[in-house]
Amino acid sequence: MAVVGLLMFGNSVRDEITSNIFLTQGYPQGISIALVIFIAIIPVTKVPLNTRPIISSADKLLGLDTRHVSSSPGLVGLSVYSRGLLRGAIRIGITIITLIIAIFVPSFDTVMSLMGSVLCFSICIILPLAFYLRIFGTEISLKEKVLAWFMIVVSTGLGIVGTVWVCLPGGMTGAVMHRKD
């Protein structure tokens, strides 16, 4: 997406390409309206997807998962209605916590960069390779082990570099900061 924004708007591209489209004359009004609608839909669809793992973990830890019978003494004997209320309260609470984090960390690009550098490397590359080595370590060839370890080390290094780069002030990294109007 960054390459497309650079090709379309050159060095005057903003952090969010949609703001370039809103400020540039010549785009049809329909595109602006469609962008506003799509941007408004994103949080409605993304929040449940992002919080689902947290909610599922909380449900399991508290014995509210409908696929398992609760062994917690405090929850034994609760009606389906009571369990449903507790599950709803968990979902609302986690959503409120997410909202509070979004309010206190308004720099969306920083959050996304941290997620990309830390979470994506660890969840998509490092942990699967580590689990693969742990489970099949005795069955795979030395060449495959070396390649897996090489990928783990490189991914860890890139995750660390990405995290440090995001945390550095913009002036130190040479990033061009555009004034938001």
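This passage walks through the fold, the nonpolar cores, an aromatic pair, a pocket and a few single residues of the structure above.

The structure is a predicted model, in which local features need pLDDT of at least 70 and side-chain atom pairs count only at pLDDT 80 or more, while totals for chains, interfaces and linings use all residues. Residues are numbered from 1 along each chain as its sequence is written, and side-chain values use heavy atoms, with hydrogens and water left out.

A good place to begin is the overall fold. The protein has seven helices and zero strands, and its pattern along the sequence reads α-α-α-α-α-α-α. Here helices (H or I, at least four residues) and strands (E, at least two) are DSSP runs, numbered from the N terminus. Of the 181 residues in the protein, 19% are buried; the word buried stands for under 20% relative accessible area, exposed for over 50%, and partly exposed for what lies in between (1.4 Å probe, protein chains only). Contact means heavy atoms within 4.5 Å. Among contacts between residues at least 6 apart in sequence, 43% join residues at least 24 apart.

The nonpolar cores come next. A nonpolar core is a set of buried Ala, Val, Leu, Ile, Met, Phe, Trp, Tyr and Cys residues joined through side-chain atoms within 4.5 Å. The largest one has six residues, namely Ile126, Leu129, Leu133, Ile140, Ala148 and Ile152. Helices α5 and α6 (142–167) each supply at least two residues of this core, and α5 gives the largest share, three residues. Setting aside neighbours within four places in sequence, Ile152 is in contact with Ile126, Leu129, Ala130 and Leu133. Another core lies apart from this one and has five residues, among them Ile55, Ala58, Ile90 and Ile94.

Two further residues help to fill in the picture of α5 and α6. Ser155 is found in helix α6 and is buried, with a relative accessible area of 5%. Beyond its neighbours within four places in sequence, Ser155 is in contact with Phe121, Ile125 and Ile126. Pro128, in turn, has its place in helix α5 and counts as partly exposed at 37% relative accessibility. The C-alpha atoms of Pro128 and Ala148 are separated by 9.9 Å, with the two residues 20 apart along the chain. When neighbours within four places in sequence are left aside, Pro128 is in contact with Ser122 and Ile123.

Helix α5 also holds an aromatic pair. A search of the whole structure finds one such pair. The ring centres of Tyr132 and Phe136 are 5.4 Å apart and the planes stand at 50 degrees, so this pair is tilted. By the rule used, rings of Phe, Tyr and Trp (its six-membered ring) pair if their centres lie within 6.5 Å, and planes under 30 degrees apart count as stacked, over 60 as edge-to-face and the rest as tilted. Tyr132 and Phe136 are four residues apart in helix α5 (residues 108–136), which means that about one helical turn separates them. Tyr132 is partly exposed, with a relative accessible area of 29%, and Phe136 is partly exposed at 36%.

Elsewhere, the second largest pocket offers about 180 Å³ of space. On a 1 Å grid over the protein atoms alone, a pocket is an open set of points where a 1.4 Å probe fits, with protein on both sides within 12 Å along at least five of seven lines, and lining residues have an atom within 4 Å of a point. Grid points are joined across faces, edges and corners, and a volume is the space filled by probe spheres set on the points. Of the 13 lining residues, Arg52, Ile55, Ser56, Asp59 and Arg91 are the closest to the centre of this pocket. Helices α3 (29–61) and α4 (80–104) each supply at least two residues of the lining, and α3 gives the most, with eight residues. The lining divides into three nonpolar, three polar and seven charged residues, where Ala, Val, Leu, Ile, Met, Phe, Trp, Tyr, Cys and Pro count as nonpolar, Asp, Glu, Lys and Arg as charged, and the others, Gly among them, as polar.

Helix α3 is also the place of Leu35, which counts as buried at 17% relative accessibility. Not counting residues up to four places away in sequence, Leu35 touches Thr18, Ile21 and Phe22. The C-alpha atoms of Leu35 and Thr18 are separated by 7.4 Å, with their positions 17 residues apart along the chain counted as the distance apart.
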